[in-house]
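Labels for parts of a protein rest on numbers. Let us ask how each label is earned.

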Amino acid sequence: MNRLIVLIGATAVGKSEAAMWLAERFSCEIVSGDSMCVYRGLDIGTAKPTAEDRRRIPHHLIDILNPEEPFSVVDFQRLATEAIADINRRGRIPLLVGGTGLYVQALLEGYR
């Protein structure tokens with residue numbers, strides 16, 4: 001079974017800071033659960049991790065698409081599942097952070 005830590009909460013409560021702290025102490029890699037962080041260039045209003053944070057701790061599902069490319073909850077389920085499995089295979093712990101409620105729920109509980 002894949003391991004997974006999930007860190008969710010309201011906007012601007014410190015999830016990103018807590019995630020970095022957890023990731024450094026428990027050998028985690030961060031998987032973004034935010035539907036807008038997948039898009040390159042949409043940095044204002046998304047609270048993407050800084051370039052420094054991304055150098056310190058591996059982050060997944062951030063800046064993977066151009067804004068004109070479609071992305072759905074089904075795409076998120078597939079990519080997040082793949083990232084989580086890969087992180088586990090490498091002996092690290094995936095940390096799903098924040099994000100879009102539907103995306104997180106779909107990943108954890110399934111969605112069709």
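The questions below concern a predicted model.

Q: Why is helix α3 called oblique to helix α4?
A: Take the angle and set it against the classes. The axes of α3 (residues 73-89) and α4 (residues 101-109) cross at roughly 55 degrees. Roughly parallel needs an angle under 35 degrees, and roughly perpendicular needs 65 to 115. The angle of roughly 55 degrees fits neither class, so α3 is oblique to α4.

Q: How close do the axes of α3 and α4 come, and what is the hand of the crossing?
A: The axes come within 9 Å. The crossing of α3 with α4 is right-handed.

Q: Which residues make the contact between α3 and α4?
A: From α3 come V73, F76, Q77, A80, T81 and I84. From α4 come L102, Y103, V104, A106 and L107.

Q: How do the residues of this contact divide into nonpolar, polar and charged?
A: There are 9 nonpolar residues and 2 polar ones. None is charged.

Q: How do you know that the length of α3 agrees with its number of residues?
A: Compare an expected span with the model. The helix α3 has 17 residues, and at 1.5 Å a residue it should span 24 Å. The rule multiplies 1.5 Å by one less than the number of residues. The end C-alpha atoms of α3 are 24 Å apart, so the two values agree.

Q: Which residues of α3 are buried, and what covers them?
A: The buried residues are V73, F76, Q77, A80, A83, I84, A85, I87 and N88. Their cover includes strands β2 (28-32), β3 (59-60) and β4 (93-97), together with helix α4.

Q: What follows α3, and what is its phi?
A: G91 follows α3. Its phi is positive, near 80 degrees.

Q: What makes the phi of S27 and of D63 worth a remark?
A: Start with the general rule. Most residues other than glycine have a negative phi. S27 is not a glycine, yet its phi is positive, near 55 degrees. D63 is not a glycine either, and its phi is positive at about 55 degrees. S27 sits in the loop between α1 and β2. D63 sits in the loop between β3 and α3.

Q: Why do S27 and D63 count as partly exposed?
A: Buried means under 20% relative accessible area, and exposed means over 50%. S27 has 31%, so it counts as partly exposed. D63 has 23%, so it also counts as partly exposed.

Q: Why is G33 called buried?
A: Its relative accessible area is 0%. The cut-off for buried is under 20%, so G33 is buried. G33 lies in the loop between β2 and α2.

Q: What does G33 touch, leaving aside its neighbours within four places in sequence?
A: G33 is in contact with F76, L96, V97, G98, G99, T100, Y103 and V104. The C-alpha atoms of G33 and G99 are 4.2 Å apart, though 66 residues separate them along the chain.

Q: Why is S35 called buried?
A: S35 has a relative accessible area of 13%. That value is under 20%, so S35 is buried. S35 lies in the loop between β2 and α2 (51-56). Beyond four places in sequence, S35 touches F71, T100 and Y103.

Q: Is V6 buried or partly exposed, and what places it there?
A: V6 has 32% relative accessibility, so it counts as partly exposed. V6 belongs to strand β1 (residues 5-7). Not counting residues up to four places away in sequence, V6 touches L96, V104 and L108. The C-alpha atoms of V6 and V97 are 6.1 Å apart, with the two positions 91 residues apart along the chain.

Q: Why does L4 count as partly exposed?
A: Its relative accessible area is 30%. That value is not under 20% and not over 50%, so L4 is partly exposed. L4 lies in the segment before β1. Its contacts, not counting residues up to four places away in sequence, are I84, P94, L96 and L108.

Definitions and conventions: Residues are numbered from 1 along each chain as its sequence is written. This is a predicted model: local features need pLDDT of at least 70, side-chain atom pairs count only at pLDDT 80 or more; totals for chains, interfaces and linings use all residues. Side-chain values use heavy atoms; hydrogens and water are left out. Axes are lines fitted to C-alpha atoms, for helices over the stretch in contact, and angles run from 0 to 180 degrees between N-to-C directions. Helices (H or I, at least four residues) and strands (E, at least two) are DSSP runs, numbered from the N terminus. Angles under 35 degrees count as roughly parallel, over 145 as roughly antiparallel, 65 to 115 as roughly perpendicular and the rest as oblique. A crossing is left-handed if the near helix is turned anticlockwise from the far one by less than a right angle, and right-handed if clockwise. Contact means heavy atoms within 4.5 Å. Ala, Val, Leu, Ile, Met, Phe, Trp, Tyr, Cys and Pro count as nonpolar, Asp, Glu, Lys and Arg as charged, and the others, Gly among them, as polar. Buried means under 20% relative accessible area, exposed over 50%, partly exposed in between (1.4 Å probe, protein chains only).
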